[in-house]
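User: Could you take a close look at one part of this model for me? I would like a connected walk through it.

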Amino acid sequence: MLIGYARTSTTDQVAGLEAQERDLRALGVEELFSEQASAVGRRQGLEKAIAFARKGDTLCATKIDRLARSVTHLWEIVRRLEAKGVALKILDPDLDTSSSVGRLILSIMGGIAEFERSMMLERQREGIAKAKQEGKYKGRQPTARKRTAEVEELAAQGLSMGAIANKLGIGKGSVHRILSGKLV
């Protein structure tokens, strides 16, 4: 069975997720797991896809960077799949871990993808430093601070910190800081 996995980093990337899903469906995947989650965060969709896979199945992703955050992570995924007798197929470029050549090329491509990401992060840091020097960098806008009144109102209604966090889409720690007066 072909199992698909599609991921984008943010909810703003709807078209990217839809394109991945389209390409995986065109390949013939029978079960598709999709999520919008950062590469560095917990990815429940990937975990569900790996758990769903059975011996003889192939897990498919459109690109290496949609699947793994680093070469180490990539090989961790490959080892987990191999332990279950599951192959990995990447569509772009066309790689399949069921062959030794596919495994070699996957390793090389994973290294290149990791290098590319580190270069992008380095350029990003340089750009932020330059923007700070020029007084143009504002940084990330605080999200929880803007919702102080809503947090306090929901707390007054008797909701738990976890329920407030879920309802407002902010972290439980932020709710705690607001209610304890540490975030004003």
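How much space lies in the largest pocket?

Analyst: Happy to help! This is a predicted model, in which local features need pLDDT of at least 70 and side-chain atom pairs count only at pLDDT 80 or more, while totals for chains, interfaces and linings use all residues. Residues are numbered from 1 along each chain as its sequence is written, and side-chain values use heavy atoms, leaving out hydrogens and water.

The largest pocket holds about 510 Å³ of space. A pocket here is an open set of points on a 1 Å grid over the protein atoms alone, where a 1.4 Å probe fits, with protein on both sides within 12 Å along at least five of seven lines; lining residues have an atom within 4 Å of a point. The volume is the space filled by probe spheres set on the points, which are joined across faces, edges and corners.

Now to the walls. The lining has 24 residues, and Ile64, Asp65, Ala113, Glu116 and Arg117 lie nearest the centre of the pocket. Helices α3 (64-67), α4 (71-83) and α5 (100-133) each supply at least two lining residues; helices are DSSP runs of H or I with at least four residues. The largest share, nine residues, comes from α5. By type, the lining divides into 10 nonpolar, four polar and 10 charged residues, where Ala, Val, Leu, Ile, Met, Phe, Trp, Tyr, Cys and Pro count as nonpolar, Asp, Glu, Lys and Arg as charged, and the others, Gly among them, as polar.

Two of these helices also meet α2: the buried residues of α2 (under 20% relative accessible area, 1.4 Å probe, protein chains only) pack against elements including α3 and α4, with contact meaning heavy atoms within 4.5 Å. Those buried residues are Gly45, Leu46, Ala49 and Ile50.

Technical notes
Buried means under 20% relative accessible area, exposed over 50%, partly exposed in between (1.4 Å probe, protein chains only).
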